[in-house]
Amino acid sequence: MKLKKIVTLAAVVLGSLSLAACGNKNNSSSSSDKEITFWFGGDASTAVEPIAKDFTKKTGIKVKIQSIPWSQYLDKMLTAAASKSGPDAMVVGTTSVAQYADSKSLMDVTKYVEKDKEFKPSNFFEGSVNTTKVNGKYYAIPWYVETRVLYYRKDLLKQVGYDHAPKTWDELYDAANKLAKRGKNMYGFNVDAAEPTFGFMFARQNGAKLIENGKTQFNSPKMIEALDYLAKFYKSGAAPRQDLKLAIGQSFGGKAPVPMFISGPWMVSGIEKDSGLKKSQWGVAELPKGKVNNLSNTGGGDLAVFNYSKHKKEALEFIKFMSSRKEQLKFYKTSNSMPTLKSAWTAKELDTDTMNVFRKQLDSSEPMPAIKQWDTIGQSYVKAWEKVAVSNASVKSTMDTFNKESQALLDK
């Protein structure tokens with residue numbers, strides 16, 4: 001099932017400018033001090049262009065928006081840092097802040113966070129703020145946030161005796177198995193093998209610590225217990241072992257081969273447009289509670305200033321502008337990317353049944369560890385978990401190996 005992010009959030013933005021032009025032309029003698037370059041991952045320029053135009057109208061500072069595919073973003077940023085020539089401002093994925101800070105790509109903005117009321121950490125969700133900090137210093141400002149909730153077919157759950165979304169691990173497993181008995185090629189729940197944070201979310205719900213005092217805890221008893229729970233869905237036939245290669249309308253609409261899954265807000269528009277479902281037939285709910293909690297993952301995008309920019313003042317001004325309530329709400333309208341500014345959630349456009357669930361889940365949501373190796377660890381987890389999902393490998397032996405490899409990565 002294709003539950004990967006579609007258009008919004010992680011890949012929302014911007015124009016089709018050539019990557020050959022990715023160097024910061026502010027060094028050129030023909031450049032104006034009233035122009036800054038802004039890097040973003042993705043190719044939908046319509047999401048940010050209105051904000052940039054408003055900023056130019058207000059300040060006279062032009063913004064050159066440059067699109068860079070997320071798959072190339074890291075390499076481009078590291079190259080820019082090495083050459084000390086890059087953008088002025090940029091968006092940074094929440095799990096990448098530590099790595100970019102380590103490469104000296106990002107400006108330390110701690111003094112601005114501590115003095116400027118617009119950047120005050122209490123203005124934003126705590127989980128988002130935590131993604132901007134590395135070793136006690138701030139290297140970015142929260143911009144948009146996402147978290148994961150449970151999507152479910154209300155009508156089909158009622159047919160198996162549930163008038164509500166599963167609230168606990170036990171209910172999730174029970175409902176999934178009952179739904180899987182509907183017939184051939186029918187399942188109850190998707191255990192997303194391609195999502196790097198999936199298993200870690202459930203481990204935390206079981207009270208597991210991912211990394212403690214510089215030591216990886218990926219084979220701790222609590223984490224193994226959580227992952228064994230997820231593996232049960234494969235073994236019972238309640239979850240598909242491999243991606244079904246179905247669009248959301250095929251997997252969740254109609255008879256719904258997969259009537260429950262966990263994902264972020266980017267799935268809402270796809271369901272509304274492609275599933276053919278009435279609003280009464282589906283819904284979202286906070287994640288079912290494990291033994292300890294129902295923690296979800298905090299993700300999204302942060303705003304940062306390139307450490308070697310010659311226009312730091314203007315870049316900070318642009319970041320402050322984009323961080324305002326008005327512009328965060330405008331970005332939500334153009335991209336469905338949820339605001340990190342808590343005050344923005346009083347807006348009527350966010351006062352819906354669906355968005356209220358996301359809002360509640362944000363209070364029980366934490367980011368992945370702020371270490372430079374995390375993106376690599378996440379991708380390594382996906383490869384390790386595939387052995388469990390497809391080949392029925394032992395969770396314990398798989399995670400023993402994964403933990404050892406991850407610790408070696410941290411120790412480098």
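**Close-up views of a predicted model**

**Figure 1. Helices α1 and α12 lie oblique to each other.** The model shown in this and the following views is predicted. Helix α1 covers residues 49–59, and α12 covers residues 312–322. Their axes come within 10 Å and cross at roughly 120 degrees. An angle of this size falls in none of the ranges for roughly parallel, antiparallel or perpendicular, so the pair counts as oblique. The crossing in which α1 passes α12 is right-handed. On the α1 side, the residues that meet α12 are Ile51, Ala52, Asp54, Phe55, Lys58 and Thr59. On the α12 side, the partners are Glu314, Glu317, Phe318, Phe321 and Met322. By type, the residues of this contact comprise six nonpolar, one polar and four charged.

**Figure 2. Glu327 is a buried residue of helix α13.** Helix α13 runs over residues 325–335. Glu327 has a relative accessible area of 2%, and since buried means under 20%, it is classed as buried. Leaving out residues up to four places away in sequence, Glu327 touches Ile51, Asp54, Phe321 and Met322. Each of these four residues also takes part in the contact of α1 with α12. Further buried residues of α13 include Gln328, Leu329, Phe331, Tyr332 and Ser335. The cover over the buried residues of this helix includes α1 and α12, together with β6 (141–146), β14 (338–339) and α14 (353–362). Asn336 follows α13 and has a positive phi, near 65 degrees.

**Figure 3. The largest nonpolar core has 75 residues.** Phe38, Met90, Trp143 and Tyr151 are the residues with the most contacts inside this core. Helix α12 supplies the largest share of the core, six residues. Apart from this core lies another, of 50 residues, among them Ala203, Leu210, Ala256 and Ile262. In soluble globular proteins, nonpolar side chains tend to be buried together.

**Figure 4. Met90 and its contacts from elsewhere in the sequence.** Neighbours within four places in sequence are left aside in this view. Met90 is in contact with Phe38, which, like Met90, is listed among the residues with the most contacts inside the largest core. Other contacts of Met90 are Trp39, Tyr73, Met77 and Leu106. A run of consecutive residues, Asp302, Leu303, Ala304, Val305 and Phe306, is also in contact with Met90.

**Figure 5. Met186 is a buried loop residue.** Met186 sits in the loop between α7 (169–180) and α8 (198–205). Its relative accessible area is 17%, and because the limit for buried is under 20%, it counts as buried. Met186 and Pro257 are 71 residues apart along the chain, yet their C-alpha atoms are separated by 4.6 Å. Pro257 is in contact with Met186, as are Lys255 and Ala256. Ala256 is also one of the residues of the 50-residue core. Leu179, Ala180 and Gly237 complete the contacts of Met186, neighbours within four places in sequence left aside.

**Figure 6. Helices α15 and α16 are roughly antiparallel to each other.** Helix α15 (residues 374–391) packs on helix α16 (residues 395–411) at an angle of about 165 degrees. This is over 145, so the pair is classed as roughly antiparallel. The axes are 10 Å apart, and the crossing is right-handed. From α15, the residues in contact are Thr376, Ile377, Ser380, Tyr381, Ala384, Trp385 and Val388. They meet Val395, Thr398, Met399, Phe402, Ser406, Leu409 and Leu410 in α16. The contact is made up of 10 nonpolar, four polar and no charged residues.

Terms used
Residues are numbered from 1 along each chain as its sequence is written. This is a predicted model: local features need pLDDT of at least 70, side-chain atom pairs count only at pLDDT 80 or more; totals for chains, interfaces and linings use all residues. Side-chain values use heavy atoms; hydrogens and water are left out. A nonpolar core is a set of buried Ala, Val, Leu, Ile, Met, Phe, Trp, Tyr and Cys residues joined through side-chain atoms within 4.5 Å. Buried means under 20% relative accessible area, exposed over 50%, partly exposed in between (1.4 Å probe, protein chains only). Helices (H or I, at least four residues) and strands (E, at least two) are DSSP runs, numbered from the N terminus. Contact means heavy atoms within 4.5 Å. Axes are lines fitted to C-alpha atoms, for helices over the stretch in contact, and angles run from 0 to 180 degrees between N-to-C directions. Angles under 35 degrees count as roughly parallel, over 145 as roughly antiparallel, 65 to 115 as roughly perpendicular and the rest as oblique. A crossing is left-handed if the near helix is turned anticlockwise from the far one by less than a right angle, and right-handed if clockwise. Ala, Val, Leu, Ile, Met, Phe, Trp, Tyr, Cys and Pro count as nonpolar, Asp, Glu, Lys and Arg as charged, and the others, Gly among them, as polar.
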